[in-house]
Amino acid sequence: LRTTAEELRQTVLQQKDQILTDQRTIRELSGKLTECEKGLGLERMMVRDSPDSAPDGVHLLTVGTVDELEQAITQLKDRIDRLEQYLHSSNGGAPSVPVKVNMKFQKWVEDLEEELERKVELLEKERKALRLEAAKHRQEIDQGISKLQHRISGLEEGVTMLSFPEGFRLSFPARTNYMFALMRHAVPKLRAFTVCLWLRPAAAGVGTPLSYAVAEQPNELVLLQDRSAPAELLINDKVAKLPLNFSRGSWQHVCVSWTQKGGAWQAYQGGKLRGEGHGLAPGHHIRPGGELVLGQEQDSLGGGFDSTQAFVGELSQVGLWDRVLSSAQVASLARCSRVTQGAVVLWSESKVQVYGGATKDPGEPCSKHSKSSQ
């Protein structure tokens with residue numbers, strides 16, 4: 001009996017030491033819970049003072065503390081459960097004083113666990129609120145950027161639509177694969193056409209003053225001159241050599257007409273017929289919906305430029321008609337008169353956009369002439 005009593009006494013002493021250890025653990029948990037509360041306050045302060053901080057980053061410290069508390073409480077519960085079972089079996093099922101104390105600690109732990117669950121729930125609500133606030137903040141930023149883009153577009157449009165009382169011309173100062181102008185006109189289906197323009201070349205080999213491309217054919221309508229080669233008119237990638245002679249540094253008026261009937265074409269320079277022919281893409285029609293580019297030859301719709309085919313110099317008064325103009329009408333255009341009948345593309349400042357360093361400059365070859373209409 002003495003031996004048994006001594007064993008029981010030693011067991012009780014051991015359990016007393018264990019309970020003291022558990023008390024220290026509880027104090028540590030209480031300290032960590034206080035840190036959790038401070039972390040929550042810090043998190044709110046961070047959100048209030050730093051609206052640009054990411055919600056997930058704000059929660060890293062607090063959520064880590066919560067996870068640590070949950071793990072510690074789970075381990076403590078397991079240890080106390082094992083202790084209670086051992087004491088219960090050692091005392092023949094009769095609860096002892098240490099077991100009652102243990103039950104008190106158990107209740108304390110359960111209270112802490114409930115408090116921790118409330119903290120976790122609060123943190124989840126805070127996280128959700130932060131995410132909603134961040135989403136709202138991003139939406140406000142996107143709206144601000146959109147308004148800024150609209151404002152910039154309006155300013156650019158205002159620059160594009162500057163008034164040139166004396167007319168305007170396009171300048172292409174260098175031979176590049178990115179400098180061009182785009183005529184914002186809807187080109188319809190054409191069974192015949194006349195295209196006219198003023199040009200002042202600045203280099204040997206005019207390059208490509210004008211090209212019209214559609215999705216099916218980049219060389220739907222092209223006027224170009226390679227270096228040391230005659231000028232050419234391309235219709236649906238079919239070629240006619242044009243007897244035109246361009247000189248550098250001076251303004252020259254050029255008109256080229258074509259009809260699908262027999263593929264007949266005429267070439268004018270300075271208001272005078274320089275050559276004509278037939279058999280150029282007979283029966284074809286110019287397809288609608290393409291891109292009309294000045295200064296570059298298109299190898300794809302609106303792009304695929306080659307610097308060796310670029311135009312260098314100045315262009316003005318580019319126009320397109322849906323018919324073959326008469327010799328008298330072409331001559332009047334060369335004298336700076338207007339022909340509006342049948343025009344599908346007229347020289348308009350608001351319809352011409354420049355890119356890549358090409359510029360709109362005031363003045364054009366007909367600015368000093370009086371203009372009549374025909």
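R323 is partly exposed, because its relative accessible area is 33%; here buried means under 20% relative accessible area, exposed over 50%, and partly exposed in between, with a 1.4 Å probe and protein chains only. Its neighbour in the story, D322, also counts as partly exposed, at 32% relative accessibility. The side chains of D322 and R323 meet in a salt bridge, 3.1 Å from N to O. A salt bridge here is a side-chain nitrogen of Lys or Arg within 4 Å of a carboxyl oxygen of Asp or Glu. Elsewhere, R169, R200 and E314 are joined into one network by salt bridges that share partners.

Before going further, please keep in mind that this is a predicted model, in which local features need pLDDT of at least 70, side-chain atom pairs count only at pLDDT 80 or more, and totals for chains, interfaces and linings use all residues. Residues are numbered from 1 along each chain as its sequence is written, and side-chain values use heavy atoms, with hydrogens and water left out.

**Salt bridges**

The rule gives a count of 6 salt bridges. Among them are these three:

| Pair | Closest N and O atoms |
|---|---|
| K125 and E121 | 3.9 Å |
| E220 and R287 | 2.8 Å |
| D322 and R323 | 3.1 Å |

The pair E220 and R287 links distant parts of the chain, 67 residues apart: E220 sits in the loop between β4 and β5, and R287 in the loop between β10 (272-277) and β11 (291-294). E220 counts as buried because its relative accessibility is 0%. K125 and E121, by contrast, both belong to helix α4 (residues 97-160), where they are 4 residues apart, about one turn of the helix. Helices (H or I, at least four residues) and strands (E, at least two) are DSSP runs, numbered from the N terminus. K125 is exposed, at 53% relative accessibility, while E121 is partly exposed, at 46%.

**Two buried loop residues**

N219 is in the loop between β4 (207-213) and β5 (221-225). With a relative accessibility of 13%, N219 counts as buried. Beyond its neighbours within four places in sequence, N219 has contacts (heavy atoms within 4.5 Å) with Y212, L234, I235, N236, D237, E297 and Q298.

H185 is found in the loop between β2 (180-183) and β3 (192-201), and at 18% relative accessibility H185 is buried. A polar atom of the H185 side chain lies 3.2 Å from the backbone oxygen of L346. Setting aside neighbours within four places in sequence, H185 is in contact with V344, V345, L346 and K351.

**The sheet**

Seven strands make up an open sheet: its 7 strands run in the order β7-β6-β5-β4-β11-β2-β14, with antiparallel pairing. Two strands pair if DSSP finds at least two bridges between them. At the edges are β7 (238-242) and β14 (352-355), each pairing on one side only. From one strand to the next, the twist averages 20°. Strand β6 (residues 231-235) pairs with β7 in the antiparallel sense over 5 bridges, and I235 stands opposite K238 in β7.

**Confidence**

How confident is the predictor? pLDDT is its confidence in each residue, from 0 to 100. The protein chain has a mean pLDDT of 80, with 69% of its residues reaching 70 or more. Residues 42-62 have pLDDT below 50, and this stretch has 28 contacts in the model beyond near neighbours in sequence. Over residues 369-374, pLDDT also stays under 50, and the model has 16 contacts for them beyond four places in sequence.

Key: A polar contact is a pair of N or O atoms within 3.5 Å; within protein, one must be able to donate a hydrogen and the other to accept it, and residues adjacent in sequence count only if both atoms are side-chain atoms. pLDDT is the predictor's confidence in each residue, from 0 to 100. Axes are lines fitted to C-alpha atoms, for helices over the stretch in contact, and angles run from 0 to 180 degrees between N-to-C directions.
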